[in-house]
Amino acid sequence: MNSILSLIEKDSKLKLNKFIKGITILFTIIILSLIITTITFLFSRSVSDLRYLSIYCREGLLVLMNFIPVFILMAFVYLISNRLWISFIVNSFVFVTMSLVNKFKLTYRDDPFTFMDLKLFKESLIMAEKYSLGLSPKVIIMIVGLFIIALLLRKFFDLKVNSFKVRTIFIVLLCIITYIIFNGFYFDSKIYAEVGDKSTINIWIQSQQFQSKGFIYPFIYSATYSKEVELEGYDEERAIKDLNQYEYTNIPEGEKVNIIAIMLEAYNDFSEFENLELGIDVYKNYHELQKESIHGKLVTNIFAGGTIDTERAFLTGYYTHPKYYRKTNSFVWYLNEQGYKTEAMHPITGSFYNRRNVNNYLGFSEFEHFDNKYKEVQSEYLWDKDFFDYIIEGHENSKNNGESYFNFSVTYQNHGPYSSEKYTEEQFLKKQTGYDDANYNIINNYLHGINETDKAIKELVDYFRSEDEPTIIVLFGDHNPWLGTDNSGYKMLDINLDLSDIQGFKNYYQTPYLIWANDTARKTLNKEFVGEGNTISPNFLMTELFDYIGWEGNEYMQYVSNLKEKLDVNHEIFFKENGEYKNKSEIENKEAWTDFLNVQHYYSLNFKE
């Protein structure tokens with residue numbers, strides 16, 4: 001009897017010891033995972049600041065979403081190797097290295113390390129050669145500290161699970177749990193949008209959104225937008241064959257002219273709406289300029305926002321856009337090849353829409369923005385009058401270097417929302433009975449900015465009017481302005497925005513464009529540059545310019561020009577074919593449109609060195 005009790009007692013102690021051992025292993029893995037997670041928090045921003053660490057730690061869900069991947073990998077490596085120190089070394093190498101890369105990218109490019117970057121390992125190594133990536137003394141001390149922890153684990157915490165069967169069971173369970181977690185929570189857009197402190201960031205800048213959530217969680221979530229959208233029925237061989245019908249053509253000798261392209265923020269000509277009466281002619285100079293220009297309409301794909309769609313359509317000729325995470329074929333690259341100096345400008349931070357990186361991928365040799373230039377001039381964004389002076393400066397620099405110049409500038413003045421408070425006594429919009437004060441003020445404040453833009457346009461054109469260098473100026477609006485919640489301002493003005501109606505569709509999406517040339521450019525190209533231009537989509541605007549001048553461009557530009565002859569407006573709601581607006585299902589050139597999407601997909605994803 002005593003021997004039986006002794007065996008039971010011995011068995012109970014053995015089970016208790018195994019349980020305590022298991023709890024100790026689990027607790028140790030949790031502690032080690034928290035150490036690594038904390039380090040990644042410290043490198044989640046370009047500036048290591050304990051203040052940000054405290055902000056991260058205030059939000060339990062955010063900590064958990066960053067901690068779980070570390071814990072899972074730590075447990076997985078431990079169960080395979082049966083060594084805590086090996087598990088810690090592997091996790092430290094993976095997550096600390098990645099978070100350091102993230103910090104370097106944010107420091108030098110304001111661009112976080114994302115899942116997409118794993119596809120660009122070769123490009124990353126080339127980029128890294130341009131920067132000084134030395135480790136600071138604090139980082140070196142941290143790395144040494146991690147190695148010391150690993151050595152202590154090896155010497156004093158050599159805890160093992162001796163049963164291979166038990167380890168195998170836990171590995172299988174861990175895989176199942178991992179699948180459940182990552183198949184749900186980690187790629188849930190609602191959860192991703194909720195976590196992270198918004199008070200310390202600009203919510204419109206993607207890189208700052210990323211930083212507000214730590215590093216590990218947003219890195220994993222970035223896999224959701226790292227994959228290019230697959231085109232149904234994509235045929236690469238056919239795309240190559242279609243492009244090979246055309247031959248790359250240089251700009252004819254003696255015909256190079258400077259091109260200044262300016263995308264005006266939220267710019268439209270409201271004087272064209274019947275039910276609106278201006279108290280002050282805020283389009284006076286623009287209308288005068290139209291008389292000596294080619295002028296027409298763009299049918300954009302966006303309304304009151306989404307600037308980047310019009311911008312990149314103009315620069316590339318694309319209807320839909322790739323991810324722009326590496327060098328991408330564009331009209332800018334063609335102008336580079338033709339010996340132009342290509343420069344982009346924007347008076348706000350270059351981080352908006354990741355322009356500081358994407359503009360480089362599109363071929364711009366330089367990009368001036370608030371962060372690298374204009375903040376030295378003034379603390380707030382430049383109004384058009386002052387901003388346009390830098391376009392002239394860029395032209396002068398290029399002229400002094402004997403280079404042809406292509407400038408693409410995006411303005412910020414007139415960006416909404418516009419205040420519903422009364423800021424001026426001037427009635428840019430003539431006030432009428434029935435106008436409510438809030439909506440009137442929104443529109444009047446918007447038109448005040450347009451009035452200032454009108455004056456700035458005149459000053460810019462007058463400068464180039466007297467220039468001996470042949471120069472073309474292209475002006476266009478990116479989209480219509482936001483005029484109150486639920487388009488209340490448009491409703492007050494009785495402007496039809498019914499998208500089922502063609503006129504309502506035009507009112508909603510149309511903006512003006514204008515192509516002006518100074519006398520030297522007119523003589524150089526033997527063109528008048530006067531008359532009404534076609535109504536086109538933004539991805540046809542550059543080819544519209546080239547076609548008028550008589551430049552053929554590269555193979556893709558010629559292909560796009562050919563499509564423009566058949567379908568010069570392409571939009572999800574209406575296409576324009578032979579001057580008539582139609583639903584997509586009604587167009588005759590369906591095959592031409594399908595072929596274009598196929599060619600565009602190929603060309604946008606296969607950069608031509």
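In this predicted model, Y179 sits out in the open: its relative accessible area is 56%, and anything over 50% counts as exposed, so Y179 gets that label. The residue belongs to helix α7, which covers residues 164–184. Y179 also has nonpolar company at the surface, as it helps make a patch of about 840 Å². The other contributors to this patch are V166, I169, F170, V172, L173, I176, I177 and I180.

Strand β2 (residues 294–299) tells another story. Five of its six residues are buried, so the strand is largely enclosed by the rest of the structure. Part of the picture around β2 comes from its strand partners. Strand β7, made of residues 510–517, is joined to β2 by six bridges, and these two strands run antiparallel. Within this pairing, L298 has T511 of β7 as its bridge partner. Strand β8 (residues 531–532) is linked to β2 as well, here by two bridges and with the strands running parallel. For H295, the bridge partner in β8 is E532.

Next comes helix α19, spanning residues 502–509, where G504, F505, N507, Y508 and Y509 are the buried residues. And what lies over them? The cover includes β2 and β7, along with β11 (580–582). Strand β2 therefore turns up twice, being largely enclosed itself and also helping to cover the buried part of α19. At the N-terminal end of α19, D501 acts as a cap. One of its side-chain oxygens lies 3.2 Å from the backbone nitrogen of Q503.

Key. Residues are numbered from 1 along each chain as its sequence is written. This is a predicted model: local features need pLDDT of at least 70, side-chain atom pairs count only at pLDDT 80 or more; totals for chains, interfaces and linings use all residues. Side-chain values use heavy atoms; hydrogens and water are left out. Buried means under 20% relative accessible area, exposed over 50%, partly exposed in between (1.4 Å probe, protein chains only). Helices (H or I, at least four residues) and strands (E, at least two) are DSSP runs, numbered from the N terminus. Two strands pair if DSSP finds at least two bridges between them. Patches are made of residues with over 30% relative accessible area and no salt bridge: like charges are joined within 9 Å, nonpolar side chains (Val, Leu, Ile, Met, Phe, Trp, Tyr) within 5 Å. Accessible areas come from the Shrake-Rupley method with a 1.4 Å probe; for residues, only the protein chains shown count as cover. A salt bridge is a side-chain nitrogen of Lys or Arg within 4 Å of a carboxyl oxygen of Asp or Glu. Contact means heavy atoms within 4.5 Å. A polar contact is a pair of N or O atoms within 3.5 Å; within protein, one must be able to donate a hydrogen and the other to accept it, and residues adjacent in sequence count only if both atoms are side-chain atoms.
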